[in-house]
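Colleague: I am new to reading structures, and I would like to learn how to look at a metal site and its surroundings. Could we go through one together?

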Amino acid sequence: MSMRKIITTACLIVSLASGTAGAGGDPAAGQIKASSCAFCHGPDGNSSDPAIPKLAGQFEKYILQQSLLFHSGKRKDAAMQGVTAVINSDQDLADIAAHFASQVLISEKAPNSVTAQQGKIIYEGMLKCYLCHGPNGEGNPGSSETDAAPRLAGQHKTYLIKTLKEFRSAQRRSKNGFMMNTIMPMVSDAEIEALCEYLSRIDLTAPENPTDPQ
Ligand code: HEC
Ligand code: HEC
């Protein structure tokens, strides 16, 4: 056995022995802990209130990172700062994030309106949203801190509009979100409306690409 192979094997055994450590949270443990979040985000992360983001199918790292931003007060929201004042251990939040990440987002499947078609053109145009968030808003879990971008497909339109306007006014800011703060001042209210109508109707579980204009 080569030295390299021995080291690889040893690392594998260590990572198996340590269970979920390093690999992120435990979704089974997270399902129980997520009862603290279910009232607002839904037990499976498909919130019914359009002002509360869906967490189903969102990347684990992103859910964890944003929860910690609320906890530190770097991202501001009264409800989330209240919740994370109580629930804030890294392990609990990682488990909860793993639970929501393992759920399937239910898209509204809204009809492909003219506004949504305009939104698709903007998404694929000069602002290059697709480069980071993927051609269908599927996002990028990221191989490094710097190339990750959250999933947008099927998210509530009301929430998307609110958060994009907060990036534009720099009310929402983060180290990873600096590109959002740079791009959004170039985007008008009407363009935000179109982008969010387009993104919210995308159904990543549909067999065909639902975003093609009929
Ligand atoms: C009382 C209602 C409420 C509860 C309970 C709640 N949340 Fe939230 N959550 C919100 C609201 C409202 C927002 C949107 C904040 C904003 O507009 O920036 C949000 C946003 C989030 C986001 C940001 C998602 C995104 O797409 O950027 C994450 C992550 C999150 N919550 C995780 C959790 C977790 C984990 C729990 C349980 C430990 C939880 N929330 C419990 C109301 C709640
Ligand atoms: C250079 C990469 C990049 C580009 C280009 C980009 N984004 Fe983002 N976007 C990000 C990152 C990274 C975040 C997460 C920021 C954070 O951590 O707060 C984000 C966050 C978002 C969010 C918040 C999602 C949520 O669940 O809260 C929305 C909505 C969004 N982007 C839409 C867009 C749109 C629309 C465009 C084009 C106009 C765009 N982005 C262009 C990287 C990018």
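Modeller: Gladly, and please keep in mind from the start that this is a predicted model. Let us begin with His 41 and Met 80, of which both are buried.

Colleague: Which atoms of these residues coordinate the iron atom of ligand 1?

Modeller: To read such a site, one looks for N, O and S atoms within 2.8 Å of the metal. Here the iron atom of ligand 1 is held by NE2 of His 41 and SD of Met 80, at 2.0 to 2.1 Å. These two residues come from distant parts of the chain, since His 41 belongs to helix 3 (residues 35-41) and Met 80 to helix 5 (residues 78-86), 39 residues apart.

Colleague: What is the geometry of the site of the iron atom of ligand 1?

Modeller: Six donors count as octahedral if opposite donors are over 155 degrees apart and all others between 65 and 115. The iron atom of ligand 1 has 6 donor atoms with angles of 87 to 179 degrees among them, and its site is octahedral.

Colleague: Which residues come nearest to ligand 1, and which element gives the largest share of its shell?

Modeller: For a shell, one collects the residues with a heavy atom within 4 Å of the molecule. Around ligand 1 there are 20 residues, and those that come nearest are Cys 37, Cys 40, His 41, Met 80 and Lys 162. The largest share, 5 residues, is supplied by helix 4. Sorted by class, this shell of ligand 1 holds 13 nonpolar, 4 polar and 3 charged residues.

Colleague: Which side chains have polar atoms at short range from an oxygen atom of ligand 1?

Modeller: For polar contacts, one searches for pairs of N or O atoms within 3.5 Å. A polar side-chain atom of Tyr 62 is 2.6 Å from an oxygen atom of ligand 1, and an N or O atom in the side chain of Tyr 159 is 3.1 Å from an oxygen atom of ligand 1.

Colleague: Now for the other ligand: which residues coordinate the iron atom of ligand 2?

Modeller: The iron atom of ligand 2 is coordinated by His 133 through NE2 and by Met 180 through SD, at 2.0 to 2.2 Å. His 133 is in helix 8 (residues 129-133) and Met 180 is in helix 10 (residues 178-183), so the pair ties together parts that are 47 residues apart in sequence. The arrangement around this iron atom is octahedral because its 6 donor atoms subtend angles of 88 to 178 degrees.

Colleague: Are His 133 and Met 180 buried or exposed?

Modeller: A residue is called buried under 20% relative accessible area. His 133 has 10% relative accessibility and therefore counts as buried, and Met 180, at 19%, counts as buried too.

Colleague: How many residues surround ligand 2, and why does ligand 2 lie between domain 1 and domain 2?

Modeller: There are 24 residues around ligand 2, the closest being Cys 129, Cys 132, His 133, Tyr 159 and Met 180. Helix 9 gives the most to this shell, with 5 residues. Ligand 2 lies between domain 1 (24-101) and domain 2 (114-201) because both give residues to its shell.

Colleague: Which polar side chains should I look for there, beside an oxygen atom of ligand 2?

Modeller: Tyr 159 has a polar side-chain atom 2.5 Å from an oxygen atom of ligand 2, and Ser 174 has a side-chain N or O atom 3.0 Å from an oxygen atom of ligand 2.

Terms used: Residues are numbered from 1 along each chain as its sequence is written. Chains are lettered from A and ligands numbered from 1 in the order in which they are written. This is a predicted model: local features need pLDDT of at least 70, side-chain atom pairs count only at pLDDT 80 or more; totals for chains, interfaces and linings use all residues. Side-chain values use heavy atoms; hydrogens and water are left out. Donors are N, O and S atoms within 2.8 Å of the metal (3.2 Å for Na, K and Ca); water is not among the atoms, so sites may look incomplete. Four donors count as tetrahedral if all angles lie between 85 and 135 degrees; four count as square planar and six as octahedral if opposite donors are over 155 degrees apart and all others between 65 and 115; anything else is irregular. Helices (H or I, at least four residues) and strands (E, at least two) are DSSP runs, numbered from the N terminus. Buried means under 20% relative accessible area, exposed over 50%, partly exposed in between (1.4 Å probe, protein chains only). A polar contact is a pair of N or O atoms within 3.5 Å; within protein, one must be able to donate a hydrogen and the other to accept it, and residues adjacent in sequence count only if both atoms are side-chain atoms. Domain bounds come from an automatic or database domain assignment. Ala, Val, Leu, Ile, Met, Phe, Trp, Tyr, Cys and Pro count as nonpolar, Asp, Glu, Lys and Arg as charged, and the others, Gly among them, as polar.
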